[in-house]
Amino acid sequence: MLYNENLPVRYPKGSFAMWTVYSFTGASIFASIIFSLLLFLSIDENPVMQLLFGGLAVIFELGKFFAWYEFGERRARRNYTGAFSAFAFYAVLAAISIGGSVGGINSATNKAQSHVNVQQSKINSYNMQIEAIEKQIELNNVAAEKYIQMERIATGVTRIQRENDKLRQQQQDLATERDSLPVVSQGSVIGLIDSLAKSLNVQTQTAQLGLVVFLSVLLDFFAAFFVGLIGEELRFRNQFRSMNPITINAFSATEPKEPELLTNHMEAGQDAETCDIPDIQAEPEAPKTAYENVIDALSNNQVNCTKRAVTRFLKLTSEEVDDIFKQLLEEGIVSKKPNNHYQWHGVTES
């Protein structure tokens with residue numbers, strides 16, 4: 001237990017809490033760097049340029065979070081001009097970082113979507129071929145009706161029926177090939193995007209862009225929150241250590257010493273000079289009685305003329321106060337009002 005006039009509102013976080021905070025902070029910063037790298041590395045295929053752009057992405061990410069940490073430090077010192085400049089620097093780097101994260105997440109999402117699109121394009125190709133064959137069959141049926149009207153069933157209609165049979169067989173073969181294509185498993189992110197597009201009644205590209213922007217901003221602010229938490233905790237620890245709280249261990253088991261008067265310390269430095277002078281000790285004054293203390297307190301207006309006030313001020317018992325006020329009434333120093341309150345008249349000098 002701590003004994004201090006200015007007790008802290010809380011105690012510093014433990015090692016488990018701090019390791020948790022450091023883990024979340026490191027993971028969020030690492031994820032933000034990875035997504036920014038996905039965009040910056042796709043700018044150029046040259047390995048040298050990729051190295052330069054990748055280093056630029058890392059510098060932007062680390063500089064952004066250090067700027068946020070510095071913003072908290074300057075605001076804690078009430079350096080509002082410096083805090084504003086640090087926040088402006090952080091805002092610029094955060095905009096670049098969020099843009100990089102949006103591009104990186106969007107690139108990764110498009111890559112996952114491309115596999116589904118390729119498979120869907122194959123299915124669409126088979127459907128278009130089947131639909132074209134169906135239209136050809138319909139045209140052949142129209143021609144067959146004209147041959148029937150011209151009474152050329154043996155020559156025209158028979159040939160058209162053989163062509164339709166071949167087209168039907170092609171349709172069946174294409175449908176079999178289409179149905180035999182492997183089913184592409186839809187990822188959770190793609191499924192989420194499709195669900196958002198259907199629920200919001202928007203296009204898939206719009207839902208994908210909105211989700212990507214939301215995740216990028218959330219990731220950036222998540223990391224910034226934990227960086228600010230670390231800075232606040234470090235400042236609190238330094239303040240907590242500077243308070244030097246008094247603990248129970250600081251007290252000894254011996255009896256506490258009586259407080260010494262200031263004159264004793266002042267006279268201690270003069271012992272060498274006054275050692276030859278004989279001390280003339282005056283006789284100590286006799287301690288005042290409780291009655292005399294009550295008279296002095298009432299005469300100097302240190303307390304109201306009530307039993308309760310006198311009891312609290314002089315730390316006396318109720319019986320002692322009752323006896324003293326009874327004596328004051330007999331001596332005429334106080335009088336009793338009709339409402340049972342006492343009135344102080346003072347001590348008459350003889």
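**Exercise 1. The contact of H1 with H6**

Which residues in H1 meet which residues in H6? Describe how the two helices cross, too.

*Solution.* The model is a predicted one.

Step 1. Locate the helices. H1 covers residues 15-40 and H6 covers residues 204-242.

Step 2. List the H1 side. Met18, Val21, Tyr22, Phe24, Thr25, Ser28, Ile29, Ala31, Ser32 and Phe35 take part.

Step 3. List the H6 side. The partners are Leu219, Phe222, Ala223, Phe226, Val227, Leu229, Ile230, Glu233, Leu234 and Arg237.

Step 4. Sort by class. The contact of H1 with H6 has 15 nonpolar, three polar and two charged residues.

Step 5. Add the geometry. Two packed helices are described by the angle between their axes and the distance between the axes. The axes of H1 and H6 come within 9 Å and cross at roughly 145°. This crossing of H1 and H6 is left-handed.

**Exercise 2. The contact of H1 with H2**

Find what H1 does with H2, and give the handedness of the crossing.

*Solution.*

Step 1. Take the axes. Those of H1 and H2 come within 9 Å, with a crossing angle of roughly 145°.

Step 2. Take the hand. H1 passes H2 in a right-handed crossing.

Step 3. Name the residues. From H1 come Ile29, Ser32, Ile33, Ser36, Leu37 and Phe40. From H2 come Phe53, Gly54, Leu56, Ala57, Val58, Phe60, Glu61, Leu62, Lys64 and Phe65.

Step 4. Sort by class. The contact of H1 with H2 has 11 nonpolar, three polar and two charged residues.

**Exercise 3. Helix H2 from end to end**

Check the length of H2 against its residue count. Then list its buried residues.

*Solution.*

Step 1. Count. H2 runs over residues 47-76, which is 30 residues.

Step 2. Compare. At 1.5 Å a residue H2 should span 44 Å, and its end C-alpha atoms are 44 Å apart, so the two values agree.

Step 3. List the buried residues. They are Gly54, Ala57, Glu61, Lys64, Phe65, Ala67, Glu70, Phe71, Gly72 and Glu73.

Step 4. Recall the helix repeat. An α-helix has 3.6 residues a turn, so residues three or four places apart point the same way.

Step 5. Look past the end. Just after H2, Arg78 takes a positive phi of about 60°.

**Exercise 4. Three helix residues**

Classify Glu233, Trp68 and Gln171 by accessibility, and find their contacts beyond four places in sequence.

*Solution.*

Step 1. Start with Glu233 in H6. Its relative accessible area is 1%, so Glu233 is buried. Glu233 is in contact with Arg10, Pro12, Lys13 and Met18, leaving aside neighbours within four places in sequence.

Step 2. Go to Trp68 in H2. Its relative accessibility is 22%, so Trp68 counts as partly exposed. Neighbours within four places aside, Trp68 is in contact with Phe87, Tyr90, Ala224, Val227 and Gly228. Trp68 and Val227 are 159 residues apart along the chain, yet their C-alpha atoms are separated by 7.5 Å.

Step 3. Finish with Gln171 in H4, residues 153-179. At 10% relative accessibility it falls under the 20% cut-off, so Gln171 counts as buried. Residues up to four places away not counted, Gln171 touches Ile130, Ile133, Glu134 and Ile137.

**Exercise 5. Three loop residues**

Are Asn201, Lys315 and Tyr11 buried or exposed? Place each one in its loop.

*Solution.*

Step 1. Asn201 is in the loop between H5 (188-200) and H6. With 70% relative accessibility, Asn201 counts as exposed. Its phi is near 60°, a positive value in a residue other than glycine.

Step 2. Lys315 is in the loop between H10 (307-314) and H11 (318-331). With 68% relative accessibility, Lys315 counts as exposed. Lys315 is not a glycine, but its phi is positive at about 55°.

Step 3. Tyr11 is in the loop between strand S1 (2-3) and H1. With 51% relative accessibility, Tyr11 counts as exposed. The C-alpha atoms of Tyr11 and Arg237 are separated by 8.4 Å, across 226 residues of chain.

**Exercise 6. The whole chain**

How many helices and strands does the protein chain have? Add its totals.

*Solution.*

Step 1. The protein chain has 11 helices and four strands.

Step 2. Of its 350 residues, 25% count as buried.

Step 3. Its accessible surface comes to about 25100 Å², and 59% of that belongs to carbon and sulfur atoms.

Step 4. Among contacts with a separation of 6 or more, 64% join residues 24 or more positions apart.

Notes: Residues are numbered from 1 along each chain as its sequence is written. This is a predicted model: local features need pLDDT of at least 70, side-chain atom pairs count only at pLDDT 80 or more; totals for chains, interfaces and linings use all residues. Side-chain values use heavy atoms; hydrogens and water are left out. Axes are lines fitted to C-alpha atoms, for helices over the stretch in contact, and angles run from 0 to 180 degrees between N-to-C directions. A crossing is left-handed if the near helix is turned anticlockwise from the far one by less than a right angle, and right-handed if clockwise. Contact means heavy atoms within 4.5 Å. Ala, Val, Leu, Ile, Met, Phe, Trp, Tyr, Cys and Pro count as nonpolar, Asp, Glu, Lys and Arg as charged, and the others, Gly among them, as polar. The expected span of a helix is 1.5 Å times one less than its number of residues. Buried means under 20% relative accessible area, exposed over 50%, partly exposed in between (1.4 Å probe, protein chains only). Accessible areas come from the Shrake-Rupley method with a 1.4 Å probe; for residues, only the protein chains shown count as cover.
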